[in-house]
Amino acid sequence: MSLTGTPPPKGWEWIPLKHVTTVLRRGTTPNYADDGPVRAISQASNQPGGLDWSRTRFHEHDGSTKKIKGILQPGDILINSTGRGTLGRVGYFSGGPDGKLCMADAHVTVARTDANRWDPRFAFYYLSSDLFYSYIYSALVIGATNQIELSGDRLASAPVILPPLDKQRHIAGFLDAELTRIDQVSSLFKESDWLAQERKQALRASTLEQLAQDHGEVPLRRFVTKIEQGESPQCESSRAGDSEWGVLKLSSIKDGTFSSDENKRLPEGIRPEPRFAVRTGDLLVTRANTPELVGDTAVVTDAYHRRLLPDLIYRVGLTDALLPEFAAITLRGPRVRGLIQAVARGSSQSMVKLRGEDIRAWPIPRAPVDVQRLVVSSLEEKFTQLAELRAKVSHQLSLLAERRQALITAAVTGQLDVTTAGRAGKVAASGV
């Protein structure tokens with residue numbers, strides 16, 4: 001019973017998860033409240049970087065906590081057990097932020113180890129390894145609500161590796177130290193990425209402020225010839241090929257950039273409406289999304305003859321007095337984003353919508369076309385440089401994430417001798 005297909009190191013053994021856990025079950029569906037005696041940890045709060053307490057909610061409960069499945073103890077391991085995207089994510093509970101009791105909700109499995117056989121930190125690292133993650137995706141089932149779930153029986157029978165207890169603690173200590181170093185480096189790269197984003201926003205804001213002072217502002221309606229939305233017929237889940245018709249998704253506009261690959265293939269038998277085909281130079285604005293993302297704007301920069309406008313994206317027609325590229329830069333500026341947020345805050349829904357009249361009212365600098373061209377050229381050059389920097393940072397973060405996972409998997413399976421690795425690391429750190 002091995003996940004690697006190779007014998008474990010001498011003195012190590014493979015054993016079912018249920019034989020080294022005292023608790024292995026999902027939590028309770030909370031009675032959610034604004035406050036309460038018990039914090040409920042959900043899939044969303046069980047994040048890759050640790051438990052995100054800002055995403056926890058409260059369970060309204062005034063009876064005995066013994067009746068609540070999933071009450072947590074320090075050292076418990078949390079496994080997201082339903083849904084796409086977060087399923088299989090593993091977290092470690094070391095205590096709550098405010099002394100309140102904490103619980104897992106019904107979408108999270110609690111694994112409490114027999115600490116005399118399986119060290120909780122070692123167990124956390126093993127269950128976080130790529131090896132175990134691959135097993136989880138072989139143990140999926142379709143639940144009663146037609147969602148993907150982790151099979152409790154398959155999870156209980158999952159093979160886990162059991163080194164001698166002192167070896168487990170040694171490995172856990174090694175990984176605690178090494179991963180802290182990796183995470184510190186990752187934090188520096190993330191800060192660099194954040195600073196690049198801030199630099200881009202600052203460049204845009206200062207340029208638009210100067211343009212407004214020099215030329216004044218007018219409502220966008222002065223330049224609008226039409227605002228139209230497309231149609232969203234029932235489409236295939238797959239992406240359209242180059243020779244096929246596809247309906248754009250909201251994700252085709254992201255952070256001011258247009259991507260024609262973000263589409264859904266139009267089924268055979270449904271005739272495309274040619275008037276909704278997007279064209280080079282079209283100014284597109286997302287009509288509906290979350291308050292943070294609604295109103296994102298991009299220009300179609302290449303010819304996509306078989307991509308159709310959906311009903312959740314506006315196409316804004318402009319007069320020759322306003323370049324679409326200049327409009328896209330302006331409409332992502334702080335003034336317009338502030339107006340969008342004001343409209344979005346008026347809704348209690350997670351998805352908000354913009355009206356054509358909202359868009360027509362957005363302020364835009366009344367700069368001559370030749371000035372617009374200079375601004376677009378200058379900012380796009382600077383934005384490209386920042387994008388290249390962010391791409392390099394993203395690459396480094398990916399390498400660090402791969403290194404992190406490879407180190408975990410090698411250490412918990414005995415492929416890496418942590419005693420030798422630890423000595424080598426100290427020698428390297430001392431500069432010897």
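Leaving aside its neighbours within four places in sequence, which residues is L293 in contact with? Let's start there and then work through the rest of this predicted model.

## A loop residue to start with

The answer is a short list: T286 and R337 are the contacts of L293 once neighbours within four places in sequence are set aside. You'll find L293 in the loop between β22 (288-289) and β23 (297-299). With 48% relative accessibility, L293 counts as partly exposed.

To get a feel for distances here, try W14. Along the sequence, L293 and W14 are 279 residues apart, and in space their C-alpha atoms are 47 Å apart.

## Another loop residue

Now hop over to S94, which sits in the loop between β9 (90-93) and β10 (101-104). Is S94 buried or exposed? At 59% relative accessibility, S94 counts as exposed. If you look for I77, that residue is 17 residues from S94 along the chain, with 9.3 Å between the two C-alpha atoms.

## A three-stranded sheet

Next up is an open sheet of 3 strands, in the order β20-β17-β24, with mixed pairing. The strands at the edges are β20 (263-265) and β24 (307-308); each has a single partner strand, so one side of each has no neighbour in the sheet. As a bit of background, strands in a sheet pair through backbone hydrogen bonds, and they can do so in parallel or antiparallel fashion.

Strand β17 (residues 246-248) and β20 run antiparallel, joined by 3 bridges. For L248, the bridge partner in β20 is N263.

## N263 up close

So what's going on around N263, a residue of strand β20? N263 counts as buried, at 2% relative accessibility. Its side chain reaches the backbone nitrogen of A240 at 2.8 Å. A polar atom of the N263 side chain also lies 2.7 Å from the backbone oxygen of S260.

Not counting residues up to four places away in sequence, N263 touches S238, R239, A240, G246, V247, L248, K249 and R307. Among them is L248, the bridge partner of N263 you met a moment ago.

## Two nonpolar cores

How many residues does the largest nonpolar core have? The count is 40, and the residues with the most contacts inside this core are W118, F122, Y126, L127, F132, V160 and L175. The elements giving two or more residues to this core include β1 (13-16), β8 (76-80), α1 (120-128), α2 (130-136) and α4 (165-215). For one member, L127, the contacts beyond four places in sequence are I77, I79, V90, W118 and F132. There is also a second, separate core of 36 residues, including L211, L318, L331 and A367. In soluble globular proteins, nonpolar side chains tend to be buried together.

Strand β14 is worth a look too. Its residues P159 and I161 point one way, V160 and L162 point the other way, and all are buried. Strands β1 and β14 run antiparallel and are joined by 4 bridges. Within β14, V160 is the bridge partner of I15.

## T109 and its surroundings

T109 lies in strand β11 (residues 108-113). It has a relative accessible area of 5%, which means T109 is buried. Its side chain makes a polar contact with the side chain of S81, at 2.7 Å.

Leaving aside neighbours within four places in sequence, T109 is in contact with L24, R25, R26, I77, L78, I79, S81 and L155.

## A helix and some cysteines

Helix α8 (residues 369-412) is 44 residues in length, and from its first C-alpha to its last it reaches 63 Å, close to the 64 Å expected at 1.5 Å a residue. Just after α8, G414 takes a positive phi of about 80 degrees.

Finally, how many disulfides are there, taking a pair of cysteine sulfur atoms within 2.5 Å as the rule? The count comes to 0. Two cysteines to find in the model are C102, which is buried with a relative accessible area of 2%, and C235, which is buried with a relative accessible area of 18%.

Methods
Residues are numbered from 1 along each chain as its sequence is written. This is a predicted model: local features need pLDDT of at least 70, side-chain atom pairs count only at pLDDT 80 or more; totals for chains, interfaces and linings use all residues. Side-chain values use heavy atoms; hydrogens and water are left out. Two strands pair if DSSP finds at least two bridges between them. Buried means under 20% relative accessible area, exposed over 50%, partly exposed in between (1.4 Å probe, protein chains only). A polar contact is a pair of N or O atoms within 3.5 Å; within protein, one must be able to donate a hydrogen and the other to accept it, and residues adjacent in sequence count only if both atoms are side-chain atoms. Contact means heavy atoms within 4.5 Å. The expected span of a helix is 1.5 Å times one less than its number of residues. A nonpolar core is a set of buried Ala, Val, Leu, Ile, Met, Phe, Trp, Tyr and Cys residues joined through side-chain atoms within 4.5 Å. A disulfide is a pair of cysteine sulfur atoms within 2.5 Å.
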